[in-house]
Amino acid sequence: MDLNLTGKRVVVTGSSRGIGLAIAKAFLIEGAKVVITSRHASDLKHAKKELSDVNTLWGEKILAMPCDFSASSNIESLKDRIINEWGCVDIVVANVGSGVSVPDSIPDEAHFDNLVKLNFNTAVNTSRIFLPLLTKTKGALLFISSIAGVEAFGAPIDYSVAKTAVISFSKNLARKIAIDGVRVNCVAPGNVYFKGGTWDNKLQENPEGVQNIIKSSVPMQRFGKPEEIANAVVFLCSEKASFITGSTLKVDGGQTTSIQ
């Protein structure tokens, strides 16, 4: 399917590895130009090389820019640099997040505030700063949430609450700005495996236990792949999804049980 994304200017936050890197790659495959971001320049250097090694022609379509999305001033600087390079932006994917927390029923204030900051505030800050550009281009804004924000699976409560807030923010924002021609959607991944990720660490600690969890809770009895999340993201940001806004697409191998 031709998604008509050639030449589109895309920002993917938190895109030096895992799902974010797969999203960047998927947009490049469709002919888009992509800004990849991370807090660490060294991670970006490695990510850009990895993408360029796949296709040497992608090098000129990638801007690798460090940014801490928990600081609005950093995002403003990123936006200004992108405007200087590309003039505007067509698509923004807010992917920054972390599920690393503690098993406490109610994590202490520092843990709770930090997880909300990383998973929710970064999404709000990104939206607030890039929305004027997306309004100019009648673009698309997409958030990466989690099925932990849809149903209660026993995931860390601060992470789950923050991811639920992302979904609510996405839905409400979509209704507010549809009149401006900007579409807003959300993807809620299930259990996704990639090297160095959370599930990779858990597998190393308890391989049998993790495999039992996956087989008993996921009807497809396997982990998702970053590329499978990326495919959903690219579709929702394309004109093929032109009448879809305010939606949350669960990509979870059938794990969630709710009807909607």
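**Exercise 1. Find how many cavities of 30 Å³ or more the whole structure holds, then describe the largest.**

Step 1: pin down the term. On a 1 Å grid over the protein atoms alone, a cavity is a set of points where a 1.4 Å probe fits but cannot get out, while a pocket is an open set with protein on both sides within 12 Å along at least five of seven lines; lining residues have an atom within 4 Å of a point. Grid points are joined across faces, edges and corners, and a volume is the space filled by probe spheres set on the points.

Step 2: count. The search of the whole structure turns up one cavity of 30 Å³ or more, and the largest cavity holds about 30 Å³ of space.

Before going on, a word on the input: this is a predicted model, where local features need pLDDT of at least 70, side-chain atom pairs count only at pLDDT 80 or more, and totals for chains, interfaces and linings use all residues. Residues are numbered from 1 along each chain as its sequence is written, and side-chain values use heavy atoms, with hydrogens and water left out.

Step 3: walk round the wall. Among the lining residues of the largest cavity are Ala94, Asn119, Phe143 and Lys163. Helix 4 (109-137), strand 5 (140-144) and helix 5 (157-177) each give at least two lining residues; helices (H or I, at least four residues) and strands (E, at least two) are DSSP runs, numbered from the N terminus. Helix 4 has the largest share of this lining, three residues.

Step 4: sort by class. Six lining residues of the largest cavity are nonpolar, two polar and one charged. Here Ala, Val, Leu, Ile, Met, Phe, Trp, Tyr, Cys and Pro count as nonpolar, Asp, Glu, Lys and Arg as charged, and the others, Gly among them, as polar.

**Exercise 2. Describe the second largest pocket and its volume.**

Step 1: the volume is about 270 Å³. Of the 14 lining residues, the closest to the centre are Arg17, Gly18, Leu21, Ala22 and Glu50.

Step 2: helix 1 (18-29), helix 2 (41-54) and helix 8 (226-236) each bring at least two residues to this lining.

Step 3: the lining of this pocket splits into six nonpolar, three polar and five charged residues.

**Exercise 3. Work out how helix 1 packs on helix 8, and helix 3 on helix 4.**

Step 1: for helix 1 and helix 8, the axes are 8 Å apart at an angle of about 50°. Axes are lines fitted to C-alpha atoms, for helices over the stretch in contact, and angles run from 0 to 180 degrees between N-to-C directions. So helix 1 is oblique to helix 8; under 35 degrees is roughly parallel, over 145 roughly antiparallel, 65 to 115 roughly perpendicular and the rest oblique.

Step 2: helix 3 (residues 72-86) and helix 4 have axes that come within 9 Å and cross at roughly 25°. That's why this pair counts as roughly parallel.

**Exercise 4. Is His46 buried or exposed?**

Step 1: His46 sits in helix 2.

Step 2: the relative accessibility of His46 is 53%, so His46 counts as exposed. Buried means under 20% relative accessible area, exposed over 50%, partly exposed in between (1.4 Å probe, protein chains only).

Step 3: look across to Ser16, which is 30 residues from His46 in sequence and 7.8 Å away in space, C-alpha to C-alpha.
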